[in-house]
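Okay, everyone, thanks for squeezing in. I'd like to spend a couple of minutes on pockets today.

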Amino acid sequence: MKAFRRFLFIVGLLLVAAVDIAIYWNFHLYRNAVRSQALNADKIAELERADRIIPFNELVRFELGQARFGLAMDELENAEVRDAALDAGLRDFASSLRLNPASARVQFQYAQALLYQSYFAPSAKIRVYEEYKKAARLTGHRAPIYFEVGKILFSQWADLDEADRTFTLDLLKTVLEQPEKTKLATIFQIWDLSVRDYGVMEKILPANVDTCRQYAQFLGEKGLALEERHRILAKTEGLDFEKAKREAELGNRAFQFFQFGDAFNRFQSCLGILKGILFYQDLVEERTVDPAEYQNQLKATYLTMAKCRLEGGRPFEDVLPFLRSYIELEDQVAALGDLEAFLKERGIIGDSLAAGSKDNKLSAFPILLAFKQSRFRDVIQVGVEMQRGVMVVPDASRADYAMILELVADSYQKLDFIYESNEYYAKALDQEPDDLAAILKLRKNRERLNEEAAVRELDSRIAGLLTPGETAPNERPADKGRSFVKMMKLDGSKLTLDIAVRSIKDGQIPLLAVVWNDRVVWEGFVQAGTVRIEVSSKLDMNNLTLIPVNVPVSISIISWELRKKT
């Protein structure tokens with residue numbers, strides 16, 4: 001009995017050893033085949049040996065399917081070998097799936113092989129899309145296979161039924177919720193080649209600023225549906241505006257908790273977003289940003305940034321740029337009164353107006369604030385007091401002193417005291433001879449008084465200050481997507497702009513966006529080489545920005561002429 005037990009023990013050891021050897025040899029052959037650079041036929045022979053040793057290794061069956069699929073691709077012109085290899089490969093994939101039904105990789109390759117087989121046997125195509133859908137369901141949303149399934153189904157859009165199309169749209173929408181530039185570019189290319197339906201893209205495009213902008217850029221570069229591009233950009237700017245409002249809301253919360261540095265940063269971010277809105281909605285009949293709400297948000301942003309700086313202990317000189325930007329936009333007397341009360345409470349400005357007491361930069365602001373509140377007589381009183389004394393104006397504050405004199409002249413003009421107004425305009429111009437605004441207002445007064453010689457003299461001065469009616473940037477190149485900026489000093493008239501451009505790449509018609517004073521006024525394909533646009537200028541400096549969308553261009557001539565006043 002003891003000898004029999006010993007015999008059984010030895011047999012058991014031998015069986016375990018045999019199994020171990022079989023497993024090792026199976027895995028050894030499998031690894032050799034996977035790592036090998038040999039031909040697919042040689043890999044198949046190696047893997048078949050491994051499969052004969054252990055016929056239930058899912059990895060071996062999968063690699064056999066891969067090798068046979070590769071052999072079929074190598075023998076595309078040999079129908080007999082190709083079809084036999086595809087059939088055998090499909091059996092191997094199916095066998096691997098029976099051993100491990102949860103393998104997304106095997107399921108995907110099985111679907112791939114079915115798709116290729118369907119090219120040679122169209123009747124087999126019935127099963128293909130369901131197999132791809134199974135592969136997608138077996139993997140996570142961020143897995144490469146999930147995206148690959150979406151790409152393949154999207155490329156087969158014309159052959160998909162309604163249920164498959166719905167599945168594909170849901171899949172791609174999920175993928176695009178976490179956008180990557182390379183993935184987006186791939187989907188856009190597939191859409192262009194296989195779908196070209198703007199409604200489909202609308203369904204999968206997330207409410208994401210970067211994604212929408214990349215899609216709009218793609219449409220522009222491909223020269224597709226300019227109106228659709230404008231609509232997408234208008235939608236994007238609507239999303240931008242919502243983001244700006246969220247930043248402002250967070251800034252207000254921080255301000256309420258006396259976190260003035262964080263609040264300022266939030267509003268600075270808000271301001272950057274607002275400044276980036278070019279109002280593409282003006283080019284389409286769709287309003288995504290309410291102009292009045294935009295204006296109010298811009299005003300509130302400047303004002304709160306100023307308050308953040310003041311409450312944070314910054315000197316008034318650092319705050320002035322924000323306050324002046326706010327006052328330039330604000331036309332509500334009550335709001336300006338609230339600002340004045342805020343500044344008085346903190347001892348920043350006094351109860352009375354005065355000029356030249358210490359610093360014209362500081363004293364000019366409360367005078368400007370009074371003028372914006374239509375307190376013209378108070379501003380005139382400043383001018384009267386200035387005449388009573390002798391003032392020495394340092395060069396550093398000359399511009400601010402001139403501004404005070406101009407505000408006094410403006411106040412006289414508002415009350416229709418033309419001669420007194422002229423006197424102060426002249427004094428302001430003594431300080432700042434190139435102040436275009438003061439010259440234009442003085443000219444208006446001289447014209448009212450029928451002083452023709454003075455008007456002609458002022459016209460000559462104005463002409464010397466304005467940007468010439470034609471400029472040649474000497475064929476200056478502007479790269480695709482890069483802005484070409486031209487600053488133009490103008491008198492507030494209505495203009496007709498002519499812009500001559502040509503594509504640096506032969507055979508491609510340039511798509512050009514024209515932005516005037518931070519607002520898009522035209523975008524289109526420059527068929528004839530020249531763009532003619534009618535715009536209204538603002539007094540002093542105007543900003544003309546040209547943005548080539550699809551190809552680099554060369555800008556040869558920019559000219560303008562006054563439009564007849566109506």
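I'll go through the two pockets one after the other.

Quick housekeeping: this is a predicted model, where local features need pLDDT of at least 70, side-chain atom pairs count only at pLDDT 80 or more, and totals for chains, interfaces and linings use all residues. Residues are numbered from 1 along each chain as its sequence is written, and side-chain values use heavy atoms, with hydrogens and water left out.

So, the largest pocket has a volume of about 840 Å³. By pocket I mean, on a 1 Å grid over the protein atoms alone, an open set of points where a 1.4 Å probe fits, with protein on both sides within 12 Å along at least five of seven lines; lining residues have an atom within 4 Å of a point. The volume is the space filled by probe spheres set on the points, which are joined across faces, edges and corners.

Who lines it? There are 20 residues, and the closest to the centre are Glu328, Glu406, Ala437, Lys441 and Leu539. Two or more residues each come from H15 (316–329), H17 (360–372), H19 (398–414), H21 (436–448) and strand S8 (539–548); these are DSSP runs numbered from the N terminus, helices being H or I of at least four residues and strands E of at least two. H19 gives the largest share, 6 residues.

On to the second largest pocket, at about 570 Å³. Of its 19 lining residues, Lys275, Leu298, Leu329, Asn517 and Asp518 sit closest to the centre. Helices H13 (260–275), H14 (291–311) and H15, plus strand S6 (519–525), give two or more residues each, and the largest share, 5 residues, is from H14.
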